[in-house]
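Trainee: I would like a close look at a single part of this model. Please take one strand and follow its surroundings.

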Amino acid sequence: MKQNKIQIFPSILSGDFGRLADEAKRLEQAGADGIHVDIMDGHFVPNLTFGPRALGAINRATNLFLDVHMMIYNPYDYIEAFIQEGADRLTFHFEATEDVDDALEFIRKCGKKAGLAFCPETSFSMIPKYLTRCDMVLIMTVSPGFGGQQFMADVVEKIQLTRECCDRNRIRQGGVIVPQGSEESLPPFDIQVDGGINAETARACVKAGANVLVSGSFLYEQPSLSQGIQMLRNV
Ligand code: DX5
Ligand code: ZN
């Protein structure tokens with residue numbers, strides 16, 4: 001089913017690393033809902049990207065919501081550092097930590113939004129129990145680690161199952177279960193997709209129930225970032 005409001009989070013991984021502050025301003029002017037910042041540790045994923053100080057530089061340049069995607073082992077150990085540098089939502093991988101509940105609780109105790117990410121090969125059956133314990137589920141549509149990869153179409157079913165599970169159990173924004181009949185009292189639960197998102201794949205994801213779209217290569221390849229963002233918002 002189609003959700004009303006689609007949020008667009010450009011991935012700054014596709015931007016110019018020598019001008020992160022300018023890139024952040026550019027994304028703000030282009031009408032992004034926030035900036036997706038990919039943190040990679042060279043262990044959980046083979047690539048290395050930003051640490052907390054780079055996030056701080058982005059934060060000082062913009063008022064946009066900072067959506068931090070931690071592709072790192074032991075995410076718990078880095079939560080405070082990223083919060084100090086301006087993270088608004090911290091999403092870590094189910095596959096990268098033993099203490100999923102502790103990390104989710106700690107992020108929320110710090111007053112930030114907690115997201116939980118699932119790799120393409122992780123089964124849907126792992127997801128339901130966390131829907132009421134986090135603010136967002138990130139369903140990866142590529143194997144995490146690099147921008148510019150091809151969308152994995154077989155993950156669409158997982159998006160659909162997750163949305164159906166939210167609807168069936170009346171789980172809305174923030175993982176809150178609302179009484180029967182008052183579903184509209186809260187916006188839908190946030191389901192994010194990340195990897196290979198373009199106008200065509202975004203349509204498939206939104207149709208399946210995703211409402212938060214991350215896009216790197218596709219958006220940065222558009223002649224106009226703002227038009228690219230509009231295009232994705234209106235799929
Ligand atoms: C991949 C990252 C993505 C990446 C998406 O591991 O998590 O956020 O930037 O880039 P595209 O849209 O190019 O697949
Ligand atoms: Zn990401």
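Mentor: What follows starts at strand β10 and moves out to the pocket beside it in the account.

This is a predicted model, in which local features need pLDDT of at least 70, side-chain atom pairs count only at pLDDT 80 or more, and totals for chains, interfaces and linings use all residues. Residues are numbered from 1 along each chain as its sequence is written, chains are lettered from A and ligands numbered from 1 in the order in which they are written, and side-chain values use heavy atoms, with hydrogens and water left out.

Take the strand itself. β10 spans residues 212–215. Strands here are DSSP runs of E, at least two residues; helices are runs of H or I, at least four; both are numbered from the N terminus. In a regular strand the side chains alternate between the two faces of the sheet. Both faces of β10 are covered. Val 212 and Val 214 lie on one side, Leu 213 and Ser 215 on the other, and all are buried. Buried means under 20% relative accessible area, exposed over 50%, partly exposed in between (1.4 Å probe, protein chains only).

Now its partners. Two strands pair if DSSP finds at least two bridges between them. Strand β1 (residues 7–10) runs parallel to β10, joined by four bridges. Strand β9 (residues 190–194) also pairs with β10 in the parallel sense, over three bridges. Val 214 figures in both pairings: Phe 9 stands opposite Val 214, and Asp 194 has Val 214 as its bridge partner.

The link from β9 comes next. β9, helix α6 (residues 199–208) and β10 make a right-handed β-α-β unit. Right-handed means that, with the strands pointing away from the viewer, the path from the first strand over the helix to the second runs clockwise.

Last, the pocket. The largest pocket holds about 310 Å³ of space. A pocket is an open set of points on a 1 Å grid over the protein atoms alone, where a 1.4 Å probe fits, with protein on both sides within 12 Å along at least five of seven lines; lining residues have an atom within 4 Å of a point. Grid points are joined across faces, edges and corners, and the volume is the space filled by probe spheres set on them. Of its 27 lining residues, Gly 147, Gly 148, Gly 195, Gly 196 and Gly 216 are the closest to the centre. β2, β3, β10 and α7 (217–221) each give two or more residues to this lining. α7 gives the most, with three.
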